[in-house]
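Q: I have a structure open and have not looked at it before. Can you walk me through it?

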Amino acid sequence: FNSYLITSEGLDTVPVRSEIGAVFSQLDALGQMKASPDGRRIGVAHLYPELVEVYDFDASTGKLSNTIQIPESVFEKSSLYGLEFSSNGDLLYIANHTIDYLQDVGFLYQFNLKAGNNTQIINSGRVVGQNVPLTDLRGLQLGPDGRLYVARSLGKYMGVVNQPDVLGMGCNYVDEGVYLGGKTGLWT
């Protein structure tokens, strides 16, 4: 990872390098990378190979540390793609979909980043939402209204997590939360 300091005087073009986490080629660069709203964490979801990593980020040094690796085995026959933090940075949401012969089924997972050590954080993962068939869950984005929006590939709606700072099912995921006015959603 390379981070660059930006100040009122401009961009420092000399990166701070953190050699941490899995190494991927540009050909493997499918998924999302997000910073938590408070800037304390960086998260990366990889489609190939299926892997999620979360790091602590020190804004004063530009360094990443303390990798939490959430392996593919935690997810339902996954194809990982979307990742986003709750607005308070304490919860991590991950979207995946499972391809079977009859339908695609997507799951929205929530992980409690305050659960304790890495094992406890990984074990805190739970499904808080599921999509209707044939509309994969893909990209995640925290909106300016505090809700978390879920792209549903080939769907006419976006999913919405109405209270993303609430642990568990109380986060209130609505699969067909926002109608796209007849347009069709894609991955992002």
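**Salt bridges and strands**

A: D145 forms a salt bridge with R147, with their closest N and O atoms 3.2 Å apart. A salt bridge here is a side-chain nitrogen of Lys or Arg within 4 Å of a carboxyl oxygen of Asp or Glu. This is a predicted model, where local features need pLDDT of at least 70 and side-chain atom pairs count only at pLDDT 80 or more, while totals for chains, interfaces and linings use all residues. Residues are numbered from 1 along each chain as its sequence is written, and side-chain values use heavy atoms, leaving out hydrogens and water.

Q: Are D145 and R147 buried, exposed or partly exposed?
A: D145 is partly exposed at 45% relative accessible area, and R147 is partly exposed at 27%. Buried means under 20%, exposed over 50%, and partly exposed in between (1.4 Å probe, protein chains only).

Q: Which residues are joined into one network by salt bridges that share partners?
A: D38, R40 and D90. Within that network, R40 bridges to D38 with the closest N and O atoms 2.3 Å apart. R40 has a relative accessible area of 36%, so R40 counts as partly exposed; D38, at 35%, is partly exposed too.

Q: How many salt bridges are there in the whole structure?
A: Six. One of them links E19 to R17, at 3.5 Å between the closest N and O atoms. E19 is exposed because its relative accessible area is 75%, while R17 is partly exposed at 49%.

Q: Why would such side chains pair at all?
A: Side chains of opposite charge can pair when their charged atoms come close.

Q: Switching topic: what is the secondary structure of the chain?
A: One helix and 16 strands. These are DSSP runs numbered from the N terminus (helices are H or I, at least four residues; strands are E, at least two).

Q: In what order do the four strands of the open sheet come?
A: The order is β5-β6-β7-β8, with antiparallel pairing. Two strands pair if DSSP finds at least two bridges between them. β5 (31–35) and β8 (63–71) are at the edges with a single partner strand each, so one side of each has no neighbour in the sheet.

Q: How many bridges join β5 to β6?
A: Five, and the two strands run antiparallel; β6 covers residues 41–46. K34 has G43 in β6 as its bridge partner.

Q: And how much of the chain is buried?
A: Of its 188 residues, 44% count as buried.
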